[in-house]
Amino acid sequence: MSAERFEKKETIDLRKKYIGPSCKIFFSHDPIKIVRAKGQYMYDEKGQRYLDCINNVAHGKHTCTGIYTQSTLKESSQNSNSIFLFSQMELLNTNSRFLHDNLVLYAQRLQATLPDKLAVCYFVNSGSEANDLALRLARQYTGHRDIITLENAYHGHVSSLIDISPYKFHQLSDTEQNQFVHVASSPDVYRGKHRADHSDPATAYADEVKDIINKAYKKGGKIAAFIAESLQSCGGQVIPPVGYFQQVAQHVREAGGVFIADEVQVGFGRVGSHFWAFQLQGEDFVPDIVTMGKPIGNGHPMSCVVTTKEVAEAFMSSGMEYFNTFGGNPVSCAIGLAVLDVIEKEDLQGNALRVGQYLTSLLEKQKEKHLLIGDIRGRGLFVGVELVRDRLKLTPATAEAQEVIYRLKEQHILLSADGPHRNVLKFKPPMCFTTEDAELVVEKIDVILTVFMILLSPVFILTLFLYNFYVKLLTDENGHSGVLHSKGSRQGSPQQTKQSKRLRT
Ligand SMILES: Cc1ncc(COP(=O)(O)O)c(C=O)c1O
């Protein structure tokens, strides 16, 4: 079957007709139609290749060999889990109310990547489902209701999670914050309340959580959980200071609550030095609940919640059975096993560390060159580049960030901009990303920022001013400005007009 059933225009029309208009699409004024992908590349309907710097769902690589394809199955006949998967699709897929070895094999294998205390798994189907279940577990275990979340956090699209996702609910001017939800400052040492020049930002941010707990208590609120991504992604690639999670966990546990680490974006070796991003805080930190999603199935919809025996037993003691039709089915578990195999056998975590460090070092050099780059922060292949118009005032360079991603798209590189001001360039590519890929994208960014530098330089602006002044003089003297009044010259090319408009948005 051809990869393309409709002309691109028809696909757009059909999407407009049948798909909810609020469903987000990248580059909405000129969306990309992707028909296939391989490794770190995606291909559009014309065969144009794009370097994918943003896809943390195709975690290892797109159309990961050893996970899905029959042909690779033969090639990697040493890989028992891949064989297992293929035969599994032909053999059986059913729910977890029957005994099946894949479920227990996968749970055992996944648990081995975690601290011993995190011993019990619940398999679900999406990051949202995992976080929703985590809230239920926390509330059942603690008997409390209130949740503390971070500024700019996103934890999923279901109602319970929109309530704890300021990234979303702040967009709704007429919606009140849920009374059981408390928002703590994002532990952002670049732009946040307590910055890198603070003597102990970890304690300062954690003390704020303690204050929130005390204030809630005075009003009769009791904390069930503090939830945070181990590194904030939509919130602007924020890396919390080491020691912050330990202190928050202590305050929250003293108040009878639990700590939920959302690893939906950042887990499975992406940070390079560790398999789980919460481990960046140190050996002495273990969350009570960890939620996983996106990369877990390399594109296959599956997710997981892992917690302690105590929390799981409290959930059981409610008397209500837990059942999930698709969670933990034999095919998903076989896929999960194969993903872990590929990460391990191809040393993708090691690659994330090496290539991530290289990418960060290249970007650091760009920071020396371009004033627009305010901050580079990252761990492994999770890197943010914050663009600012003024390094002291930290004025967000939002339009410039948008311009960078559009210019990169024109050069067939996919990058995104996020954070509360949409001014943070976000790198989270498939983990097979290479040093050559890093060089290519940084080289392109360098060219784009150099053009900005010229356009925004005082000499250029002065020249433009003098030129306009001269033109005006001529016009005034002659009553018209001759050739300069011609339509093309005055309005600029459509291309230029479009670009300058983008810079202003
Ligand atoms: C940190 C985080 N948690 C949870 C979710 C929700 O996952 P899903 O879209 O699979 O429901 C997302 C999705 O972007 C996320 O980024």
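In what sense, and over how many bridges, do β14 and strand β15 pair? In this predicted model, β14 and β15, the latter covering residues 424–427, pair in the antiparallel sense over three bridges. The points below take up the sheet that holds these strands, then the helices that lie on it, and then a contact between two helices.

**The sheet**
- Four strands make up an open sheet, arranged in the order β11-β12-β15-β14, and their pairing is antiparallel.
- The edges of the sheet are taken by β11 (373–379) and β14 (416–418), each of which has a single partner strand, so one side of each is left without a neighbour in the sheet.
- From one strand to the next, the twist averages 25 degrees.
- Where β14 meets β15, D418 has V424 of β15 as its bridge partner.

**Helices on the sheet**
- Helix α12, made of residues 348–369, packs on the sheet and touches β11, β12 (382–387) and β15, while its direction makes about 170 degrees with that of β11.
- Helix α13, made of residues 398–410, lies across β12, β14 and β15, and runs at about 160 degrees to β14.

**The contact of α4 with α11**
- Helix α4 (residues 101–111) and helix α11 (residues 330–345) have axes that come within 8 Å and cross at roughly 35 degrees, and the crossing in which α4 passes α11 is left-handed.
- On the α4 side the contact is made by N102, L103, L105, Y106 and R109, and on the α11 side by P330, C333, A334, G336, L337 and L340.
- Divided by character, the residues of this contact of α4 with α11 are eight nonpolar, two polar and one charged.

Terms used
Residues are numbered from 1 along each chain as its sequence is written. This is a predicted model: local features need pLDDT of at least 70, side-chain atom pairs count only at pLDDT 80 or more; totals for chains, interfaces and linings use all residues. Two strands pair if DSSP finds at least two bridges between them. Axes are lines fitted to C-alpha atoms, for helices over the stretch in contact, and angles run from 0 to 180 degrees between N-to-C directions. Two residues are in contact if their C-beta atoms, placed from the backbone, lie within 7 Å. A crossing is left-handed if the near helix is turned anticlockwise from the far one by less than a right angle, and right-handed if clockwise. Ala, Val, Leu, Ile, Met, Phe, Trp, Tyr, Cys and Pro count as nonpolar, Asp, Glu, Lys and Arg as charged, and the others, Gly among them, as polar.
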